[in-house]
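Colleague: I am new to this structure and would like a close look at one part. Could you walk me through the metal site and what surrounds it?

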Amino acid sequence: MAVQTDRPAETTLRLLRGRRIAPSILSADFARLGAQVEEVLDAGARVIHVDVMDGHFVPPITFGAVIVDALADRVHGAGAILDVHLMIDRPERYVGDIARAGADSITIHIEATPHVHYTLSAIHEAGCAAGAAISPATPAASLDEIGHELLDLALCMSVNPGWGGQEFIPASLDKLGRMRRALPDHVALEVDGGVHEQTARSCVEAGANLLVTGSAVFGSADPAGAYAAIARAAGVA
Ligand code: DX5
Ligand code: ZN
């Protein structure tokens, strides 16, 4: 098992705070997951997004700590990080397992637990950056009451969580702007769902710095080329 403490938190925070495209493995070909991740790492990706789903918080079941562990050495070896998005009920139960498997940042949904503060603290104690996600129907202002010292990242879902390949919800742009204005500068703003070459630029203009892209990258016959095209559209250096 990869040990979290050998990942300096500063590297994680630097990577989360820059303008980046974060390919989501949800749409990858799982029969060749390692090779697919390598392809986007070679194309320049430094944040790999991992969508954990439990069949309760969202209907589908995907994967958990085993896949984080399987990817950790390869991703860390490339100087990249694993950005784990937990779409699971009561995420506090799994923070330890996911961190020990090699996650660098762990994002929970505030709709999934009555213990948001406790869970974010537990993520920090496990040595990871802590994120809070909100689904489209959850007001941006829900994050206002979370102590910003507990938060490294805010994630705005721009589709309803659970599936790749959905249409970007246009109202997300205004919501991203409101979130960016309400959050201190040190908190990264991630957008997730329906991000592709045509929607990436407006997400950046609205204030997002971390853009998750699943089907637009791994649904393409050329993931590296698709990654590069979205990065160009988003103005990623
Ligand atoms: C959906 C996941 C996303 C998903 C995005 O619930 O959180 O990360 O992979 O997929 P696309 O980019 O296809 O909308
Ligand atoms: Zn996600």
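Modeller: Happily; here is the zinc site, followed by the nonpolar cores. This is a predicted model, in which local features need pLDDT of at least 70, side-chain atom pairs count only at pLDDT 80 or more, and totals for chains, interfaces and linings use all residues. Residues are numbered from 1 along each chain as its sequence is written, chains are lettered from A and ligands numbered from 1 in the order in which they are written, and side-chain values use heavy atoms, leaving out hydrogens and water.

The zinc ion (ligand 2) is held by H49 through NE2, D51 through OD, H85 through ND1 and D192 through OD, at 2.0 to 2.3 Å. Donors here are N, O and S atoms within 2.8 Å of the metal (3.2 Å for Na, K and Ca); water is not among the atoms, so sites may look incomplete. Six donor atoms surround the zinc ion (ligand 2) with angles of 70 to 172 degrees, so the arrangement is octahedral (six donors, opposite ones over 155 degrees apart and all others between 65 and 115). Along the sequence, the donor residues follow the spacing H-x1-D-x33-H-x106-D. H49 sits in strand β2 (residues 47-53) and H85 in strand β3 (residues 81-87), 36 residues apart; strands are DSSP runs of E, at least two residues, numbered from the N terminus. H49 counts as buried because its relative accessibility is 0%, and H85 is buried at 0% as well (buried means under 20% relative accessible area, with a 1.4 Å probe and protein chains only).

Now the cores. The largest nonpolar core has 66 residues, and I25, I48 and L211 are among those with the most contacts inside it. Such a core joins buried Ala, Val, Leu, Ile, Met, Phe, Trp, Tyr and Cys residues through side-chain atoms within 4.5 Å. Apart from it lies another core, of 15 residues, including L15 and M157.

Note on methods: Buried means under 20% relative accessible area, exposed over 50%, partly exposed in between (1.4 Å probe, protein chains only). Four donors count as tetrahedral if all angles lie between 85 and 135 degrees; four count as square planar and six as octahedral if opposite donors are over 155 degrees apart and all others between 65 and 115; anything else is irregular. Helices (H or I, at least four residues) and strands (E, at least two) are DSSP runs, numbered from the N terminus.
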